[in-house]
2 protein chains.
Amino acid sequence: MNIVLIGSGNVATVLGKSLKEAGHNIAAIVSRNKEHAMELARILQADSTTDIKHIYTDADLYIIAVADNAVKEVAESLHIQGKIVVHTSGAVSKDILRNVTKNYGVLYPLQSLRKEINYKPVIPLLIDSNNPETLNAIRLLAESISSKVAVANDEQRLKLHVAAVMAANFSNHLYTLTVDYCSRENIPFYMLIPLIQETAIRLNEFAPKDTQTGPAIRGDYTTIQKHLELLADYPQLKSLYESISKSITDFYGK
Amino acid sequence: MNIVLIGSGNVATVLGKSLKEAGHNIAAIVSRNKEHAMELARILQADSTTDIKHIYTDADLYIIAVADNAVKEVAESLHIQGKIVVHTSGAVSKDILRNVTKNYGVLYPLQSLRKEINYKPVIPLLIDSNNPETLNAIRLLAESISSKVAVANDEQRLKLHVAAVMAANFSNHLYTLTVDYCSRENIPFYMLIPLIQETAIRLNEFAPKDTQTGPAIRGDYTTIQKHLELLADYPQLKSLYESISKSITDFYGK
């Protein structure tokens, strides 16, 4: 496919590279950040412009890969009847693109994309469209760069977004608080990394409810008490320790 | 080394196999669970007994790999002066072994060990001893089966145990609640697994505080509000969503 990318951040960069590698042509980059636009255009051997009014109009597909709260503004300045236009946001309705073209949809990467990493994570893609032909075209494109593609409407995408926040963002915050604790207590956080990674990796084989360990699921209040004493100087951590432990004992009916 | 394993659960099994593969001899298994003892003895080509009074007394090292609350009882029925005795518990003092022998210590695997998995996770080992010669012997043994070995005294081990609970047990509980939510909302949890794993894997390269994403760190209260509405039927999840989001905004001073 012949593609125009609107945006030059992490999502635009990672999707752009994947699409280029899969054999698609990136015709042009549109981005208000001139430096980023030119850098990405160089990598993808594409044209670039900072003005959406100068957008190349002969592509098959336009991908709006900008911040959630900027999609509306881009949509309002874009009119490409007959072409396919998608946005890449989890929490934005596809219908924000209703007046842009008659063929629109969503290509939402359910992954944390960072342009600076060298390895390639698996990128699950949630897709949607306002009509079956366009959905099919988006699906073919998605499958050319990912082995995990699923159709999800606005409501399902929003629910998966909530789920992603709970499972990934919130875990990451627990890692952050733990790094902070280890650093202040002068104990080696890096010794915990294999356990943290194993906990995530075994999701491939086990349901997490069957692999829960730790004092809360054992109803081991002696250890919980010892732990809370150690956290006396960490009110934020102590409060989360209590609420998550309570959630565990409630969940398993201890 | 010539080794006796006391216990036949996950820790005894995984450590036993690793030690055997590294060229050590497992002389005998002692475990009250006759079936497990015999099964592990078969795998490790070792003798087995269910009675600690019949323990083989000519080994170099005795590893007590039983539940935290059973270490004391084993220690009281064991007297092997001159040999090295270690336990494998994060939250138990090494001095519980004081009367067992003059050379004792700890070999604590900071990993979730499961006998049924086929792949081998990295097993960080925290070691300790009451004297330098024994610590050195334990270190050599630990390094023969793991590339991640660190010395940690009782207090440091307990702190790392708290840290492990926060970073791994609690994350696993978030995964559990998320699986439950996805299943009740009929959305595909498996689409989230790459993101969850990427969040853990990138700890190799980034500090988690620098990779935090999601509505809370952006101060995006509109999205938080949308999410809380979606969680109206999940009081447990809603309450954790609120307390962790608050912790994130507090941490970053939003």
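**Figure 1. Helices and strands of chain A.** Helices and strands are DSSP runs, with at least four residues for a helix (H or I) and at least two for a strand (E). Chain A has nine helices and eight strands on that basis. The model is predicted. Along the principal axes, the C-alpha atoms of chain A fill a box of roughly 70 × 35 × 30 Å.

**Figure 2. The axis between chains A and B.** A turn of 180° and a shift of 0.0 Å along the axis lay chain A on chain B, with an RMSD of 0.0 Å. The two copies are thus related as by a two-fold rotation axis. Which residue of chain A comes closest to the rotation axis? Ser171(A) does, with its C-alpha at 2.6 Å.

**Figure 3. The interface between the copies.** Of the interface residues of chain A, 100% are also interface residues in chain B. The copies therefore meet through the same surface.

**Figure 4. Burial and contacts in chain A.** Chain A holds 254 residues, and 58% of them are buried. Contacts were also sorted by sequence separation, counting those in chain A between residues at least 6 apart. Of these, 52% join residues at least 24 apart.

**Figure 5. Surface and charge of chain A.** The accessible surface of chain A comes to about 10800 Å². Carbon and sulfur atoms account for 48% of that surface. Chain A carries 26 positive and 27 negative charges. How far apart are the mean positions of the two sets? They lie 1 Å apart.

Definitions and conventions. Residues are numbered from 1 along each chain as its sequence is written. Chains are lettered from A and ligands numbered from 1 in the order in which they are written. This is a predicted model: local features need pLDDT of at least 70, side-chain atom pairs count only at pLDDT 80 or more; totals for chains, interfaces and linings use all residues. Side-chain values use heavy atoms; hydrogens and water are left out. Copies are superposed by least squares on the C-alpha atoms of residues with pLDDT of at least 70 in both. Contact means heavy atoms within 4.5 Å. Buried means under 20% relative accessible area, exposed over 50%, partly exposed in between (1.4 Å probe, protein chains only). Accessible areas come from the Shrake-Rupley method with a 1.4 Å probe; for residues, only the protein chains shown count as cover. Lys and Arg count as positive and Asp and Glu as negative; His and the chain ends are not counted. The place of a charge is taken as NZ of Lys, CZ of Arg, CG of Asp or CD of Glu.
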